[in-house]
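Open the model in your viewer and keep the sequence panel beside it. The stops below are given in the order in which to select them.

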Amino acid sequence: MRTTTVTTELLRKPWIALLTLAVAVPALGQDAGGLGKDKAEQVHKRPPVYSPFAQRDFPTRPFFGDTHLHTSFSMDAGAFGARVLPREAYRFARGEEIMASSGQPVKLSRPLDFLVVADHSDNMGFFPDLFKGKPEMLAHPTGKKWYDMIQSGKGADAAIEIIVAFSHGTFPKDLMYFPGTRGYRTAWNETIDAAEAYNDPGRFTAFIGFEWTSNTNGNNLHRNVIFRDNGDRARQVEPFTVYPPFGSDNPVELWKWMEGYEKKTGGSVLAIAHNGNLSSGLMFPVVEAFGRKLDRDYVQTRAKWERLYEATQTKGDGEAHPFLSPNDEFASFERWDKGNLDGSIAKKNEMLEFEYARSALKNGLKLEQALGTNPYKFGMVGSSDAHTGLAAMEEDNFFGKTTPQEPSPHRMTATFFDNPKTGVKIMDWEVSASGYAAVWAKENTRASIWDAMQRKETYATTGPRMVVRFFGGWSFEPKDANDRLPAHIGYAKGVPMGGDLAAAPSGKAPTFLVAALKDPIGANLDRYQIVKGWLANDGKLQERIFDVAWSGNRKPDATGKLPAVGNTVNVAEATFTNTIGAPELVAVWRDPEFDPAQPAFYYGRVIEIPTPRWTAYDAKRFGTKPLPGTAMTVVERAYTSPIWYTPKR
Amino acid sequence: MMRNANATGLAVLLLAGLVSPWAAACGFHEQTTLLRGMMNWVYPDSLHVATAAWKAQAAGSIPRDGPLGDENVSPEARNRLGYIKAVSLLKKLERALADARPGESPPNLAVVLLQTMLWSRYEAVDRMVRLTAHTNGPEPGDVVVVTERPVIEALVDGQLSPRDALRMGLIKLYGDADARRIAFDWLARIDLRASDELAQDLALHVTSSMWGRLREAIREKAKQAENVD
């Protein structure tokens, strides 16, 4: 890999403007709405005023949140022992201390800015109701029987009967919470009520949402559905499910439901897929889906509804895979690549291309040529998928994926998942303390954050709250990296992450203004990379990673490889120091290999210096001896949404 | 009936064999994650006991989980060793419960060790207490005692008093309120710590053959004191 750095400005001075605005100032009182290049240019060309911040009209800080959190309303979360309800989940996310289901107090280091409680739509709310003895449960003979067993002291037997009923597929259909049933409606109303109660415009956004959980044959095709709207609209529908006859496991049917919602209510929804790594190669198809050949309708519809992808979460990272990207030294990160969601199908290398974000972004370029629309023109977010009601994804404050994985001396050595038939086995230590979604919105409201998601002005982080800017344009100059207000220049001369570059001016190549700030209470940064993917003239898809800004005085070697930043982690003590790396990175980079005839995408990847993984904190705090092979350090990172270049047809 | 192909995450996990529920499932023989999780609903907040246990271990109030054999021991053999150790402790508890059995008819106790989900029952039969280890679970009318193996170990070794165990959340009782009260009193009577401390103080002056009689005498004194109250 050849490293090309046009300008690498490593500014050691405080990056006052962006840091201050990004971290400290609540974005109150700003107007909502999208920001295109034209609008930004208009703003930039306004008559000058003394204050550089007056009349500013672009997002000034990223809002951090979780678009994918389960509470006890999710059937599986409840079965794993989660008792945290949606209301408590919102309280926790906005910074309150609550009691975890395992009976230990828990609090975030800093509040999140937004949260989507996205409980599984199938059987939503079933678990709490079963044990409450609600009338709809007692009306069914089996429900009454289980309730009576619990009341009479045979609760353990009831638990076994419930599990057996599910495992044998004999769970009484009439007892399940389907759309149209009173129990389901009540659960959905409670979900909405919780979001409404804790939505606090300007301070904390509580989105209404749910997860549609298509799992046929154990292949993960899940999507989280997020409403832009308030309860008055969301209440007009009930979440789409998977069980027939009310639902379907085909994403096409979900998109129809979403369209129906918008038509019926005048509202807006979007869907975010996740965990392609557990889909057996089905997440990003290029030939057919559900037995039907991909056509123009499929690609257009998918591109319309699925504008983001959850590229990192507790069940592994989904940005890239070393098999697909052998030259990417950072591709092997928090991998879950042994099988599908239930381990019933072991992984084969030929599946990988259709499971990871980078390969999907590449294949999307090809599909666009063939079908006119790129179905995989998605932006990036990270989120937790925690089933604890706790969006606690900090390495030193990690409360696991499920309630049994909440902190204890046992979790580092326990088995999470074991399918002896296929040999697919996942240990609890492999669960990743990741991640969060960062959204460049103008204010902390449902509308503003949702609109920013829709325009893909987002990035994924694996947990740290680093501040990342990424602008593309045709005229960024090296001196732009010296400006202390890079966003002013970025919006004026280019497009932000998630945007498009079209119609390359003659003789011009894309230029990028990149900037990143460390998490204020986190680790320094190692480097800022730009990942480029393109469709070559021979019809082959290519990718390349460019180091564009890095810490220290490191020099790339003859092959272009940048020396490693080093490692200060003391695993035994679970500590690190910021004596390496840089607190901020900023640079302007020009694509040295640009061919205006080739469609391409570019996205930013920001790499932190190595830090202790949650397993190191556990080993230190509990005195637990890690199992052989346990990862004890982590290289946290962020992925920006891409900027696409599309040649003029 | 539900189609497997459209099962939720839970059902898929179950179908995949993450859990194969069987009548007497316990952690020494089977995966028990979901059974333990459902305990938190059937016996509300019972999982808090697990957290209380590791906190007590960290504080040195109860023993840490010691290694079961060396690294060459297979997981199956380690499970067997763990099971044998747990049952041995439960038998010691049986003797202690028998010694402390109250005069009134006590309820039967169903003890579950959370980490392994090993259920056992102590039945008050005639004037005896009979342990059945590794049962399906509680029977109607039982008082359910949720705890962890190191807590039992600390109790039977006299390292921890039952009252402290209850106060520290290391034991939680579930069932009918009156039965729970009786069970609480019963458990409280097996306080071996105080008697052992006193016995240790006196040990310099008594022969080992006197040990049992001394403990009996202390218990008798304690009973008399209770009757006076």
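Select T312(A) and D317(A): D317(A), in β11(A), is the bridge partner of T312(A). This is a predicted model, so treat each stop as a description of computed coordinates.

Now widen the selection to the two strands. β11 of chain A covers residues 316-317 and runs antiparallel to β10(A), with 2 bridges joining them. The connection from β10(A) to β11(A) is a hairpin through 2 residues.

Next, colour β10(A), residues 308-313, by accessibility. Is this strand mostly covered or mostly open? Mostly covered: 6 of its 6 residues are buried.

Stay on β10(A) and pick E310(A). Its bridge partner in β12(A) is V381(A), and E310(A) is also the bridge partner of H274(A). Extending the selection from V381(A) gives β12, residues 379-382 of chain A, which is parallel to β10(A) and joined to it by 4 bridges. Extending from H274(A) gives β7, residues 269-274 of chain A, which also pairs with β10(A) in the parallel sense, over 3 bridges.

Move on to E353(A), in the loop of chain A between α13 (349-352) and α14 (357-371). Its relative accessibility is 32%, which lies between the 20% and 50% cut-offs, so E353(A) counts as partly exposed. Show its contacts: beyond four places in sequence, E353(A) touches L324(A), S359(A), A360(A) and N363(A). For a distance, pick the C-alpha atoms of E353(A) and G180(A); these residues are 173 apart along the chain, and the atoms are separated by 39 Å.

Then show the largest nonpolar core, a set of 172 residues in which F227(A) and Y528(A) touch the most other members. Helix α8 of chain A, residues 155-167, gives the most to this core, with 8 residues. A second core is separate and has 36 residues, including A52(B), V129(B), I152(B) and L187(B). In soluble globular proteins, nonpolar side chains tend to be buried together.

Finally, colour chain B by pLDDT. The chain averages 75, and 67% of its residues score at least 70. Two stretches to select are residues 1-26 and 194-215. Over residues 1-26 of chain B, pLDDT stays under 50, and the model has 87 contacts beyond four places in sequence for them. Residues 194-215 of chain B also stay under 50, with 13 such contacts. Where pLDDT is low, the predicted coordinates should not be read in detail. For the complex, the predictor gives an ipTM of 0.85 and a pTM of 0.88.

Notes:
Residues numbered from 1 in each chain as written. Chains lettered and ligands numbered in written order. Predicted model: local features only at pLDDT ≥ 70, side-chain atom pairs only at ≥ 80, totals over all residues. Heavy atoms only, no water. Core = buried A, V, L, I, M, F, W, Y, C linked by side-chain atoms within 4.5 Å. Buried < 20%, exposed > 50% of the residue type's maximum accessible area, 1.4 Å probe, protein only. Contact = heavy atoms within 4.5 Å. pLDDT = per-residue confidence, 0-100. Pairing = 2+ DSSP bridges.
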